[in-house]
There are 2 protein chains.
Amino acid sequence: MTTPSEPWDARAAHAPSPALLTDRYELTMLQAALRDGTAHRRCVFEVFTRRLPAGRRYGVVAGTGRVLEELTRFRFGRAELDWLADERVVDDATLTFLADYRFTGSMVGYAEGEVFFPSSPVLVVEGTFAEAVLLETFVLSVLNYDSAVASAASRMTSAAVDRPCLEMGSRRAHEWAGVAAARAAAVAGFAGTSNLEAGRRYGLATIGTAAHAFTLLHDDERAAFDAQVAASGTGTTLLVDTYDVRTGVEHALAAAGTGLGAVRLDSGDLGALAHEVRAQLDAAGATGTRITVTSDLDEYAIAALAVAPVDSYGVGTSLVTGSGAPTCGMVYKLVARESSDGVLTPVAKASRSKTSVGGRKAAARRLVDGRAVEEVLVTGPDDAVRTWAPDGRPDDEHGALRALHVPLVTDGVVDDRWTGAQGVRTAARRHHDSRAELPRGARRLSADEAALPTVPLVLEV
Amino acid sequence: MTTPSEPWDARAAHAPSPALLTDRYELTMLQAALRDGTAHRRCVFEVFTRRLPAGRRYGVVAGTGRVLEELTRFRFGRAELDWLADERVVDDATLTFLADYRFTGSMVGYAEGEVFFPSSPVLVVEGTFAEAVLLETFVLSVLNYDSAVASAASRMTSAAVDRPCLEMGSRRAHEWAGVAAARAAAVAGFAGTSNLEAGRRYGLATIGTAAHAFTLLHDDERAAFDAQVAASGTGTTLLVDTYDVRTGVEHALAAAGTGLGAVRLDSGDLGALAHEVRAQLDAAGATGTRITVTSDLDEYAIAALAVAPVDSYGVGTSLVTGSGAPTCGMVYKLVARESSDGVLTPVAKASRSKTSVGGRKAAARRLVDGRAVEEVLVTGPDDAVRTWAPDGRPDDEHGALRALHVPLVTDGVVDDRWTGAQGVRTAARRHHDSRAELPRGARRLSADEAALPTVPLVLEV
């Protein structure tokens with residue numbers, strides 16, 4: 001647990017506090033609970049989703065590192081407290097509590113990058129009601145958005161097989177969501193991003209050379225290409241579809257020679273164009289010049305281009321909007337709390353709909369011959385679940401269990417392995433390995449059930 | 001043009017610079033254009049969308065005020081420059097330019113809150129290529145997200161007629177997108193938000209009392225309600241669906257009496273439940289107690305509840321994700337630039353697809369008897385378009401033209417009317433008035449064509 005000297009860290013010092021990225025009801029609940037003493041009851045909150053988006057076979061946890069990076073900054077400063085006082089959001093006793101607030105509890109959860117299924121307890125937050133309830137909105141915002149993007153991104157990198165996917169969707173998302181989207185895409189295997197801030201914060205490779213505006217700025221296309229090659233060298237990528245593509249490729253080769261790095265196609269029938277352009281490049285001897293395509297791609301368009309001579313995919317809108325599922329629907333639910341007798345007791349909403357299973361959960365993935373077959377949801381007495389671990393037996397006919405919860409925060413201390421640029425690299429490896437062990441067919445794009453069934457494992461007292 | 005003493009201002013001082021919320025290609029284009037001198041050519045960029053989301057009848061411009069608030073902060077500081085240098089994103093000459101960068105150009109555009117249609121020039125940015133090209137990603141991020149939310153929100157406030165809509169979707173969006181979503185919802189007529197930061201920055205009313213967790217925290221529902229009433233008074237809203245709703249309402253009335261402010265329903269068949277709860281409240285004499293509903297509502301669910309005795313709607317997921325259209329697809333296109341002879345010349349992409357109309361545009365709405373009938377797109381010689389204004393004739397059989405462009409930035413100076421809390425209030429009025437003048441039927445939720453046709457008006461030389 002060292003303080004990492006990584007790019008996001010310097011940045012974070014100047015960022016505004018996330019403490020008011022919070023729904024008002026968290027503060028009004030806090031006030032009422034401080035008054036009657038229940039605020040200090042020990043609680044367990046769980047983050048999970050009731051269902052995957054229609055047709056999706058798995059989800060991908062992302063954002064965990066961002067939650068942890070911001071957690072120590074989740075403090076109420078003078079400016080926040082003054083506003084809450086002026087607006088009479090809460091009373092003086094609550095303001096006093098907030099002034100001293102910091103999260104001193106613990107969190108375990110799925111490692112960032114891990115795949116998840118309905119009911120998977122992707123994050124478990126333990127602390128007093130007061131300290132845990134305040135994090136609800138912030139934690140959900142981060143996990144819901146980042147996981148939505150990573151879940152879509154994983155389908156795209158699956159469809160692209162070995163060809164690199166490049167993130168370029170910042171302009172189609174809220175300006176800071178764009179940074180988070182670039183990071184989440186990297187977790188799910190994207191090779192680079194156009195977003196400079198994401199490059200800076202998370203050590204991601206940044207990409208991009210020119211837009212149509214650059215060609216249009218010049219008196220003609222050849223002048224634009226000459227200027228770009230002069231500034232960026234022949235290894236650059238020239239955008240050849242501002243006017244006629246065939247002429248554009250001619251101009252590109254005239255400007256850069258057959259050592260041209262790549263051409264980009266951003267409109268039209270990309271599959272047919274890629275074949276034509278490949279033939280034109282090869283005929284001119286530019287056999288090493290790559291072709292990148294970028295027009296409104298999603299996982300289906302990427303899959304459809306598998307037979308086209310395309311070298312990389314640039315993905316924008318559909319990535320940053322979750323390709324039809326722009327949020328994950330994760331919820332933050334109280335599943336256990338200390339009763340008046342001091343015993344930690346399972347609780348759950350019990351009306352006609354939106355019911356939940358009370359009590360702390362652990363989780364594991366059952367693997368047979370290294371292949372995942374079940375998501376195992378572990379319930380039972382709180383202490384037994386909290387300390388549960390797979391028995392470590394080698395793989396037999398029932399397979400072996402891989403525990404899914406890792407420690408994230410212990411008594412308020414964040415485990416730095418999961419944060420910063422290092423955290424993104426770790427998450428990308430986890431996602432790669434986690435997806436690789438899914439059953440054959442889990443990566444199919446067509447609509448189907450969750451790739452793994454979720455089964456209970458009930459521990460005895 | 002005064003410096004407003006509004007909440008966002010103090011906040012903004014501590015926020016990170018938006019300068020790297022930028023795609024890398026903007027900087028590589030800048031570098032190449034600085035080398036060959038084209039960087040200093042005067043340019044006109046235009047923001048527009050090629051189409052509305054399928055079935056939508058109009059869009060709502062939002063985010064303009066946020067663009068303007070951040071524009072003066074769009075500067076490259078030491079930290080940004082050092083990173084760009086370390087990563088060799090651009091050369092030293094470009095870094096020198098960036099160190100001195102500030103936007104000194106001008107912007108006109110649709111007033112925030114105005115409705116728009118395909119091809120509507122919602123923002124026109126004029127400046128050198130160098131200063132205008134750098135804003136592409138940032139401007140699009142803000143307008144695309146905020147307008148997507150406002151466009152969905154307007155359909156919800158239409159469907160709700162006179163009942164208040166309340167925004168509570170922060171947890172289903174990126175944490176800072178949630179703040180922008182609350183603001184955009186207010187532009188489109190929402191009456192309040194759960195998001196505290198949005199309340200602070202934009203002077204919005206904040207709402208919210210308690211979640212199921214608060215009830216589950218307590219030993220029983222009655223204890224929870226007693227605690228809430230003790231802390232917040234009988235005017236509070238009690239959430240009555242943690243266990244049995246009928247019993248919940250009994251407990252609520254026992255805790256608060258018939259002066260109870262409201263009850264909230266967050267699950268189940270909301271229409272049927274609202275009828276049952278209304279009857280129960282009325283029978284108990286709590287005829288003034290309101291009913292608010294909040295479970296996964298969208299504009300269709302709101303419309304379906306029109307006949308139910310519901311007093312307000314809380315909307316989350318579908319609002320912050322644009323109700324099926326999570327981004328607007330606005331683009332930032334170079335439409336005119338100075339040629340080597342110094343003349344401002346229209347330009348446009350001209351390959352097989354994604355073609356655009358070159359040249360600066362102005363826009364107006366034609367009204368007959370106060371009712372909008374056409375979106376008028378004004379083209380022609382640059383000077384004529386730039387100085388064009390409707391002739392001010394009173395409404396005759398051809399109607400009257402209402403000009404749609406307002407000045408936003410003049411020679412780098414932001415017009416403060418559009419920023420801060422004041423800007424949101426102004427935008428909300430504009431949206432109210434703009435939507436009210438649309439043709440009858442434009443507010444129908446069912447899928448249909450754009451509510452107004454867009455027609456050209458070509459100015460003579």
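## A buried pair between the chains

In this predicted model, D241(B) and K349(A) are both buried, and their side chains meet in a salt bridge with an N to O distance of 4.0 Å. D241(B) is found in the loop of chain B between β8 (237–239) and α12 (245–256), while K349(A) is found in the loop of chain A between β13 (344–346) and β14 (362–368), so this pair joins two chains.

## A second link, from helix to helix

A further salt bridge brings together the side chains of R66(B) and E175(A), at 2.7 Å from N to O. Here R66(B) belongs to helix α3 (residues 64–71) of chain B and E175(A) to helix α8 (residues 175–187) of chain A, so that this pair, too, joins two chains.

As for solvent exposure, R66(B) has a relative accessible area of 7% and E175(A) one of 6%. Because buried means under 20% relative accessible area, R66(B) counts as buried, and E175(A) likewise counts as buried.

## A network within chain A

Within chain A, R365(A) forms a salt bridge with E375(A), and the closest N and O atoms of the two are 2.8 Å apart. R365(A) lies in strand β14 and E375(A) in strand β15 (residues 371–379), both of chain A, so the pair ties together parts that are 10 residues apart in sequence. R365(A) is buried at 0% relative accessibility, and E375(A) is buried with a relative accessible area of 1%.

Both residues belong to one network, in which salt bridges that share partners join R365(A) and E375(A) with E114(A), R402(A), R430(A) and E437(A). Over all chains, the structure holds 64 salt bridges, among them the pair R365(A) and E375(A) and the pair R66(B) and E175(A). In general, side chains of opposite charge can pair when their charged atoms come close.

## How the two copies are arranged

Two copies of a chain are related by a rotation about an axis and a shift along it. In this model, a turn of 180° with a shift of 0.0 Å along the axis lays chain A on chain B with an RMSD of 0.0 Å. The two copies are thus related as by a two-fold rotation axis.

The interface can be described in the same terms: of the interface residues of chain A, 100% are also interface residues in chain B, so the copies meet through the same surface. The salt bridge of D241(B) with K349(A) and that of R66(B) with E175(A) are two pairs that join the chains.

Technical notes
Residues are numbered from 1 along each chain as its sequence is written. Chains are lettered from A and ligands numbered from 1 in the order in which they are written. This is a predicted model: local features need pLDDT of at least 70, side-chain atom pairs count only at pLDDT 80 or more; totals for chains, interfaces and linings use all residues. Side-chain values use heavy atoms; hydrogens and water are left out. Copies are superposed by least squares on the C-alpha atoms of residues with pLDDT of at least 70 in both. Contact means heavy atoms within 4.5 Å. Helices (H or I, at least four residues) and strands (E, at least two) are DSSP runs, numbered from the N terminus. Buried means under 20% relative accessible area, exposed over 50%, partly exposed in between (1.4 Å probe, protein chains only).
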